[in-house]
Amino acid sequence: MNNSQSILNKFTSKKGQVAILIDPEKCDNGPKLLELIKKAEFAAINYFFIGGSTVTKTEFDLTINFLKLNTGIPLVIFPGSSHQVSEKADALLYLSLLSGRNPDYLIGHHVQSASEIYKLDFEVISTGYILVDGGTRSTVSYISQTTPIPSDQISIVRNTAIAGVLQGKKMLYFDAGSGAKYPISAEIIKEVVSFGVPIIVGGGIRTLEKMEELKKGGVNVIVIGNHIEENIDFLLDIKSFTCGNFDYDK
Ligand code: 1GP
């Protein structure tokens, strides 16, 4: 385990950074992924997040190896299960699903993978993961058998975030779920940005306007998955958002 915390420092350093979520299950690990990498580099995105709810170990390793060979954009594991680990990544989000009450996602998977992760030489970032209802039944909610927090229950979202910070989480990730109809609202962001840890937001983000709103609200990292799978050229629009935000080593 590496305690240098360089990715955590990067997360903390700026608002409005952009991460593209790559689901290895959907990757060709060939020309299509290469096109995505080139366009993401052009758009000066800050991170690739890698993970998925139903990804096999083989799919995960093939994709992370391909990314490592073909880009200098930092690779951050956003694991859907405990076998999604690799030293090729720069960091791992060590997620606790705080919005749920399923012990497997609060501590069970962590115990299963603890000894392997402890030995690996990458940064492990303890992250409070909070699912908020985005108007669709998300895969994460189904797989984890947990219910997201209703989006109008802002004080529950806030109290869950505070509990995470009090438990020592280094970061908070608010997710409306992949393909959400309604992304995390500005009202929620306002309630959770002032706890002294960086904020990641994802789920259903499809427009530059929403990205601007999140950035202005104080979100450190904006995660986009589906919309880029549907329309890879959205990355060309993101270029205007990230302009002047180019900070990875290539
Ligand atoms: C889901 O936050 C991510 O876990 C990204 O969601 O695929 O809807 O962009 P989208």
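## Surface, core and ligand site in a predicted model

Val111 is exposed, with a relative accessible area of 57%, and this value, like every other in this report, is computed from a predicted model. The residue is found in helix H4, which runs over residues 103-119. Together with Leu106 and Ile107, Val111 forms a nonpolar patch on the surface, and the three residues have about 260 Å² of accessible area together.

### The nonpolar cores

In soluble globular proteins, nonpolar side chains tend to be buried together. In this model, the largest nonpolar core has 54 residues, and those that touch the most other members are Ile45, Phe48, Phe174, Val201, Met211, Leu235 and Ile238. A second core, separate from that one, has 22 residues, including Ala19, Leu21, Leu97 and Tyr129.

A residue can also be buried without being nonpolar, and Glu41 may serve as the example here: it counts as buried because its relative accessible area of 14% is under the cut-off of 20%. Glu41 has its place in helix H2, which covers residues 31-42, and its side chain is joined to the side chain of Thr71 by a polar contact of 2.9 Å.

### Salt bridges

Side chains of opposite charge can pair when their charged atoms come close. The structure holds 7 salt bridges, and the table lists some of them with the distance from N to O.

| Acidic residue | Basic residue | Distance, N to O |
|---|---|---|
| Glu229 | Lys26 | 3.1 Å |
| Asp233 | Lys39 | 2.8 Å |
| Glu213 | Lys210 | 2.6 Å |

What does the salt bridge between Glu229 and Lys26 tie together? Glu229 lies in helix H9 (residues 226-230), while Lys26 lies in the loop between strand S1 (17-22) and H2, so the pair ties together parts that are 203 residues apart in sequence. As for their accessibility, Glu229 counts as partly exposed at 41%, whereas Lys26 is exposed, with a relative accessible area of 53%.

The salt bridge between Asp233 and Lys39 can be read in a similar way. Asp233 lies in the loop between H9 and helix H10 (234-242) and Lys39 lies in helix H2, so this pair ties together parts that are 194 residues apart in sequence. Asp233 is partly exposed, with a relative accessible area of 35%.

For the salt bridge between Glu213 and Lys210, the setting is a single helix: Glu213 and Lys210 are 3 residues apart in helix H8 (residues 208-217), which means that about one helical turn separates them. Glu213 is partly exposed at a relative accessible area of 34%, but Lys210 is buried at 13%. Elsewhere, salt bridges that share partners join Glu35, Lys39 and Asp233 into one network.

### Around the ligand

Which residues are the closest to the ligand? The ligand is surrounded by 13 residues, of which Asp175, Gly179, Gly204, Gly225 and Asn226 are the closest. Looking at single atoms, a backbone N or O atom of Gly179 lies 2.6 Å from an oxygen atom of the ligand, and a polar backbone atom of Gly203 is 3.2 Å from an oxygen atom of the ligand. Tyr173 takes part through its side chain, a polar atom of which lies 3.0 Å from an oxygen atom of the ligand. On its own the ligand has 310 Å² of accessible area, and the protein covers 97% of that area.

### Backbone and chain details

Some further features concern the backbone. Asn29, which lies in the loop between S1 and H2, has a positive phi of about 50° although it is not a glycine. Gln145 is likewise not a glycine and has a positive phi of about 55°; its place is in the loop between helix H5 (139-144) and helix H6 (154-166). Gln145 is exposed, with a relative accessible area of 56%.

Finally, Asp61 lies in helix H3, which covers residues 57-70, and counts as partly exposed at 24% relative accessibility. Asp61 and Lys88 are 27 residues apart along the chain, and their C-alpha atoms are separated by 9.0 Å.

Note on methods
Residues are numbered from 1 along each chain as its sequence is written. This is a predicted model: local features need pLDDT of at least 70, side-chain atom pairs count only at pLDDT 80 or more; totals for chains, interfaces and linings use all residues. Side-chain values use heavy atoms; hydrogens and water are left out. Helices (H or I, at least four residues) and strands (E, at least two) are DSSP runs, numbered from the N terminus. Buried means under 20% relative accessible area, exposed over 50%, partly exposed in between (1.4 Å probe, protein chains only). A polar contact is a pair of N or O atoms within 3.5 Å; within protein, one must be able to donate a hydrogen and the other to accept it, and residues adjacent in sequence count only if both atoms are side-chain atoms. A nonpolar core is a set of buried Ala, Val, Leu, Ile, Met, Phe, Trp, Tyr and Cys residues joined through side-chain atoms within 4.5 Å. Patches are made of residues with over 30% relative accessible area and no salt bridge: like charges are joined within 9 Å, nonpolar side chains (Val, Leu, Ile, Met, Phe, Trp, Tyr) within 5 Å. Accessible areas come from the Shrake-Rupley method with a 1.4 Å probe; for residues, only the protein chains shown count as cover. A salt bridge is a side-chain nitrogen of Lys or Arg within 4 Å of a carboxyl oxygen of Asp or Glu. A residue is near a molecule or strand if one of its heavy atoms lies within 4 Å of it.
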